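Student: I would like a close look at a single part of this model, namely how its two helices are packed together, and then a connected account of what lies around that part. Please take it slowly and residue by residue where you can.

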Amino acid sequence: MSIERIGSGPRMSQAVIHGDTVYLAGQVGAPGESVTAQTQAVLASVEALLAQAGSDKSKILSATIWLADMADFAEMNAVWDVWVGGKDAPARATGEAKLATPDYKVEVIVVAARG
């Protein structure tokens, strides 16, 4: 089975396609922006990468969401819920973690089907 990479750099690829499965690297928004703005940017990046990989958000199998502060859970969910639209909701886990810099508030990692 072949492996295709999108946005490859020296440390990582933004997406890896293996068969009919798409694995996205963790996506983050602009450092210092609000949780709402970062979540919107992250989900736009997810959609763009999935499109490049021949998939879309309706085919997301699982999402892992990291928040720098669980106090931001409701604010992130307000954006997420609109984006998911009440259907095709993936399996999802959300946790709190120190992200790459203190200015990142949200990181989303996605696995999706394609085809």
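Tutor: In this predicted model, helix α1 (residues 35-52) and helix α2 (residues 73-84) have axes that come within 8 Å of one another and cross at roughly 35 degrees, and the crossing is right-handed. On the α1 side the contact is made by V35, T36, T39, Q40, L43, V46 and E47, and these residues meet E75, M76, V79, W80 and W83 on the α2 side. Sorted by class, this contact of α1 with α2 holds seven nonpolar, three polar and two charged residues.

Two of the α2 residues in that contact, W80 and W83, deserve a closer look, since the structure holds one aromatic pair and the rings of W80 and W83 form it, with their centres 5.5 Å apart. A pair of aromatic rings is described by the distance of the centres and the angle of the planes. For W80 and W83 the planes stand at 50 degrees, and the pair is therefore tilted, given that planes under 30 degrees apart would count as stacked and those over 60 as edge-to-face. Both residues lie in helix α2, three residues apart, which is about one turn of the helix, and both W80 and W83 are buried.

Past the end of α2, the loop between α2 and β6 (91-96) contains D88, whose phi is near 55 degrees, a positive value in a residue other than glycine. Most residues other than glycine have a negative phi. With a relative accessibility of 43%, D88 counts as partly exposed. On the other side of the helical part, the loop between β4 (27-28) and α1 contains A30, which is also partly exposed, at a relative accessible area of 37%. The C-alpha atom of A30 is separated by 7.3 Å from that of Y104, although the two residues are 74 apart along the chain.

The strands complete the picture, and β2 (residues 15-18) is a convenient place to begin, for β2 pairs with two other strands that are described here. Strand β1 (residues 3-6) runs antiparallel to β2 and is joined to β2 by four bridges, with I3 of β1 having H18 of β2 as its bridge partner. Strand β3 (residues 21-24) is likewise antiparallel to β2, again over four bridges, and here H18 has T21 as its partner in β3. The hairpin of β2 and β3 has two residues between the strands, and in this hairpin G19 takes a positive phi near 65 degrees.

In a regular strand the side chains alternate between the two faces of the sheet. In β2 the covered face carries A15 and I17, whereas V16 and H18 belong to the uncovered one. In β3 the side chains of V22 and L24 point to one face and are buried, while those of T21 and Y23 point to the other and are not. Strand β3 also pairs with β7 (residues 106-113), in the antiparallel sense and over three bridges, and within that pairing V22 stands opposite A112 in β7.

Note on methods:
Residues are numbered from 1 along each chain as its sequence is written. This is a predicted model: local features need pLDDT of at least 70, side-chain atom pairs count only at pLDDT 80 or more; totals for chains, interfaces and linings use all residues. Side-chain values use heavy atoms; hydrogens and water are left out. Buried means under 20% relative accessible area, exposed over 50%, partly exposed in between (1.4 Å probe, protein chains only). Two strands pair if DSSP finds at least two bridges between them. Axes are lines fitted to C-alpha atoms, for helices over the stretch in contact, and angles run from 0 to 180 degrees between N-to-C directions. A crossing is left-handed if the near helix is turned anticlockwise from the far one by less than a right angle, and right-handed if clockwise. Contact means heavy atoms within 4.5 Å. Ala, Val, Leu, Ile, Met, Phe, Trp, Tyr, Cys and Pro count as nonpolar, Asp, Glu, Lys and Arg as charged, and the others, Gly among them, as polar. Rings of Phe, Tyr and Trp (its six-membered ring) pair if their centres lie within 6.5 Å; planes under 30 degrees apart count as stacked, over 60 as edge-to-face and the rest as tilted.
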